[in-house]
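Biologist: Could you take me through one part of this model up close, the loop with the odd backbone angles, and then show me how it sits in the rest of the fold? Keep it chatty, please.

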Amino acid sequence: MSTIHCTLIDASGTEHTIEAQAGESLMQAAVRHDIDGIAADCGGTLACATCHVRVQTPWLEQLPSTSDDERAMLDFTAETADASSRLSCQLVLSESLDGIVVRLPSTQH
Ligand code: FES
């Protein structure tokens with residue numbers, strides 16, 4: 001299985017680069033690597049909005065569009081969502097996303 005490198009930049013500007021597997025979500029990979037800035041209280045069932053990330057260019061444009069359910073949950077993020085905001089439990093990683101960079105909000109609660 002191919003390894004996908006993901007960089008998560010926390011609110012203090014520290015970069016965390018983790019290795020993920022194709023087919024897992026960015027949230028799952030972040031939780032497995034104990035990334036503090038991802039809470040993921042609901043375990044990936046689109047019920048908490050505590051896995052909020054801001055996807056950086058050019059990765060944002062490469063993602064599948066946001067589902068209606070994900071868009072609805074983005075109204076409940078602790079830090080106000082913007083056009084780059086996604087819920088990382090909905091971002092399934094594939095080889096084409098190797099190198100993806102996201103920023104983490106200052107809080108998820
Ligand atoms: S983990 Fe709860 S909405 Fe993503």
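Modeller: Sure, and one term has to come first: a residue is called buried if 20 or more other C-beta atoms lie within 10 Å of its own, exposed if 12 or fewer, and partly exposed in between. Keep in mind, too, that this is a predicted model.

With that cut-off in hand, look at alanine 49, in the loop between α1 and β3. Alanine 49 has 23 other C-beta atoms within 10 Å, so it counts as buried. Its phi is positive, about 65 degrees, although it is not a glycine. Alanine 40 also has its place in the loop between α1 and β3, and its phi is near 55 degrees, again a positive value in a residue other than glycine. Alanine 40 is buried because 20 other C-beta atoms lie within 10 Å. Why pick these out? Most residues other than glycine have a negative phi, and most peptide bonds are trans. That second habit has its exception here as well: the peptide bond from threonine 57 to proline 58 is cis, with omega near 5 degrees. Proline 58 lies in the loop between β3 and α2 (59–62).

Isoleucine 38 is worth a stop too. Leaving out residues up to four places away in sequence, isoleucine 38 touches Met27, Ala30, Val31, Cys51, Ser88 and Leu104. In the largest nonpolar core, which has 24 residues, Ile38 is among those that touch the most other members, along with Cys6, Leu26, Met27 and Ala30. At least two residues of this core come from each of β1 (3–9), α1 (26–32), β3 (52–55) and β5 (100–103), and α1 gives the largest share, four residues.

Now step back to the whole chain. It has three helices and five strands, and along the sequence they come as β-β-α-β-α-α-β-β. The five strands form an open sheet with mixed pairing, in the order β2-β1-β5-β3-β4. At the edges stand β2 (15–21) and β4 (85–87), each with a single partner strand, so one side of each has no neighbour in the sheet. On average, neighbouring strands of this sheet are turned by 40 degrees against each other, direction ignored. β3, the strand that follows our loop, runs antiparallel to β5, and two bridges join them; arginine 54 has arginine 103 in β5 as its bridge partner.

For contrast with the buried alanines, try alanine 11, in the loop between β1 and β2. Alanine 11 has 13 C-beta neighbours inside 10 Å, so it counts as partly exposed. Setting aside neighbours within four places in sequence, alanine 11 is in contact with Gly37, Leu104, Pro105 and Ser106. Threonine 3, in strand β1, counts as exposed because it has 11 C-beta neighbours inside 10 Å. Beyond its neighbours within four places in sequence, threonine 3 is in contact with Glu19 and Gln21.

As for the overall picture, buried residues make up 30% of the 109 residues. Of the contacts with a separation of 6 or more, 66% are between residues 24 or more positions apart. The radius of gyration is 12 Å, which agrees with the value near 13 Å for a compact globule of 109 residues.

How values were computed. Residues are numbered from 1 along each chain as its sequence is written. This is a predicted model: local features need pLDDT of at least 70, side-chain atom pairs count only at pLDDT 80 or more; totals for chains, interfaces and linings use all residues. The radius of gyration is taken over C-alpha atoms; the globule rule is 2.2 Å times the number of residues to the power 0.38. Two residues are in contact if their C-beta atoms, placed from the backbone, lie within 7 Å. A nonpolar core is a set of buried Ala, Val, Leu, Ile, Met, Phe, Trp, Tyr and Cys residues joined through C-beta atoms within 7 Å. Two strands pair if DSSP finds at least two bridges between them. Axes are lines fitted to C-alpha atoms, for helices over the stretch in contact, and angles run from 0 to 180 degrees between N-to-C directions.
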